[in-house]
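Subject: Structure handover

Hello,

Here is the structure I said I would pass on. My notes on what was found in it follow below.

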Amino acid sequence: MNLGRFGLRIASWNANGVSYRKIELQDFINKHSLDIILIQKTHLRPGVNFKISNFTTFGNDRTPMPTHPSGGTAILIKSSLKHHHIPTPSLGAVEATEVVLTLPDDDPLIIAFVYISPSTNPNTAINDLEEIFCLGHSSILCGEYNTHHTSWGCVSNKQRGYYPQSWKTATVVPILKPGKDPTLADSYRPISLLPILSKITEKVILNRLNNHLTQNDILIPQQQGCGRRRFSQSTSKPLHFQATRIREHAPTFFHSLSLEFFQCLFELFLLLLCLALILLYSDPIQFLAAALHSVPITFQ
């Protein structure tokens, strides 16, 4: 992943045991000129130091340590980058490692790498992620979330493959309107606040949809608004465009609206009117005879 704003190159790696793959990792770093490497499933035991030349390593091992090494997360960051490690907050089930970057002329940025076991309760995972987001700086979270859904090419669906209901629930905060009586309910404007993770997810999906629409040239030129650099205009331009298309593709329709058409329409109207009068008149035969001889008609 290339962070153009910071000029950094970050890679995420599922090592499945990093101790015996050190040379492979070193070659990958040199080939891609990486600045930060995020590693999951390090399988390191407490007290084991993993070092790569010119990089500083921070990690959290899985506790309690099982019989066979498993789990664990680590972040390798280039020593020349100004940074510091922050302790992982108390989490329910998520494994995580966090580092704060303090780059010149920019706000501090948290780089966090997380691992969520497939057996972890989704609500517990969400609470843990929110704890990381509340550490106080802008954050980038990478890792293995073990979310599966057939829409993403997976063979099965898991509960974390759905949009959490808690992310759809907003907290409503009443804001007093300027110059209004605070004792009246109508004086307040309700503002709904969605969870942080919900807003971030929406932004990520929006960016991906916009990129897909732009790169594949899906939106027609006449699309106004609801897209990048597509500013809303008056409805006159789209209406003019549609009217032009109709005139070009269906000229015979407009030419058929001639005098003969309106004459037929008028005759049909007279026929319907006569039928209505016949139904209202008590003797239809007498009505027709009177109409043919111009005799005054009386209704009962």
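**The β8 region**

Strand β8, helix α2 (residues 122-133) and strand β9 together form a right-handed β-α-β unit. Please keep in mind throughout that this is a predicted model.

Strand β8 covers residues 109-115, and seven of its seven residues are buried. The cover is on both faces: one side carries Leu-109, Ile-111, Phe-113 and Tyr-115, the other Ile-110, Ala-112 and Val-114, and all are buried.

β8 has a pairing with β7 and another with β9. With strand β7 (residues 95-101) the pairing is antiparallel and runs over seven bridges; in it, Thr-97 sits opposite Phe-113 of β8. With strand β9 (residues 138-144) the pairing is parallel, again over seven bridges. There, Ile-111 is opposite Ile-140 of β9.

**The β5 region**

Strand β5 is also mostly covered, with five of its six residues buried. β3 pairs with β5 in the antiparallel sense over five bridges, and Ile-37 stands opposite Leu-76 in β5. β4 pairs with β5 as well, antiparallel and over six bridges. Phe-55 is the residue opposite Lys-78 of β5 in this part.

Lys-78 comes up again in the next section, since its side chain meets that of Asp-35 in a salt bridge.

**Salt bridges**

How many salt bridges does the structure hold? The count is three. As background, side chains of opposite charge can pair when their charged atoms come close.

- Asp-35 and Lys-78: the side chains meet at 3.1 Å, N to O. This pair links distant parts of the chain, with Asp-35 in the loop between α1 (22-32) and β3 (36-40) and Lys-78 in strand β5 (residues 73-78), 43 residues apart. Asp-35 has a relative accessible area of 10% and is therefore buried, the limit being under 20%. Lys-78, at 25%, is partly exposed.
- Arg-21 and Glu-24: the closest N and O atoms are 3.0 Å apart. Arg-21 counts as partly exposed at 26% relative accessibility, and Glu-24 is partly exposed at 43%.
- Lys-199 and Glu-202: the closest N and O atoms are 3.7 Å apart. Both residues lie in helix α3, three residues apart, which is about one turn of the helix. Glu-202 is partly exposed, with a relative accessible area of 36%, and Lys-199 is partly exposed at 44%.

**A buried serine in α3**

Helix α3 (residues 196-215) also contains Ser-198. Is Ser-198 buried or exposed? Its relative accessible area is 1%, so Ser-198 is buried. What does the side chain of Ser-198 reach? The contact is with the backbone oxygen of Trp-167, at 3.0 Å.

**Two residues with positive phi**

Most residues other than glycine have a negative phi. Two residues to look at with this in mind are Ser-33 and Asn-54, which have positive values.

Ser-33 has a phi near 50 degrees. Ser-33 is placed in the loop between α1 and β3, where Asp-35 of the salt bridge with Lys-78 is also found. At 49% relative accessibility, Ser-33 counts as partly exposed.

Asn-54 has a phi near 70 degrees. Asn-54 lies in the loop between β3 and β4 (55-60). Why is Asn-54 classed as exposed? Its relative accessible area is 60%, and exposed means over 50%.

**A nonpolar patch**

Which residues make the nonpolar surface patch? Leu-265, Leu-268, Leu-271, Leu-272 and Leu-275 do, and the patch has an area of about 470 Å². One of these, Leu-271, is in helix α6 (residues 259-280). Leu-271 is partly exposed, with a relative accessible area of 49%. A residue enters a patch only at over 30% relative accessible area, so Leu-271 meets that condition.

**In short**

β8 is buried on both faces and is part of the right-handed unit with α2 and β9. The salt bridge between Asp-35 and Lys-78 joins distant parts of the chain, whereas the one between Glu-202 and Lys-199 stays within helix α3. The leucine patch is on the surface.

Regards

Terms used
Residues are numbered from 1 along each chain as its sequence is written. This is a predicted model: local features need pLDDT of at least 70, side-chain atom pairs count only at pLDDT 80 or more; totals for chains, interfaces and linings use all residues. Side-chain values use heavy atoms; hydrogens and water are left out. Patches are made of residues with over 30% relative accessible area and no salt bridge: like charges are joined within 9 Å, nonpolar side chains (Val, Leu, Ile, Met, Phe, Trp, Tyr) within 5 Å. Accessible areas come from the Shrake-Rupley method with a 1.4 Å probe; for residues, only the protein chains shown count as cover. A salt bridge is a side-chain nitrogen of Lys or Arg within 4 Å of a carboxyl oxygen of Asp or Glu. Helices (H or I, at least four residues) and strands (E, at least two) are DSSP runs, numbered from the N terminus. Buried means under 20% relative accessible area, exposed over 50%, partly exposed in between (1.4 Å probe, protein chains only). Two strands pair if DSSP finds at least two bridges between them. A crossover is right-handed if, with the strands pointing away from the viewer, the path from the first strand over the helix to the second runs clockwise. A polar contact is a pair of N or O atoms within 3.5 Å; within protein, one must be able to donate a hydrogen and the other to accept it, and residues adjacent in sequence count only if both atoms are side-chain atoms.
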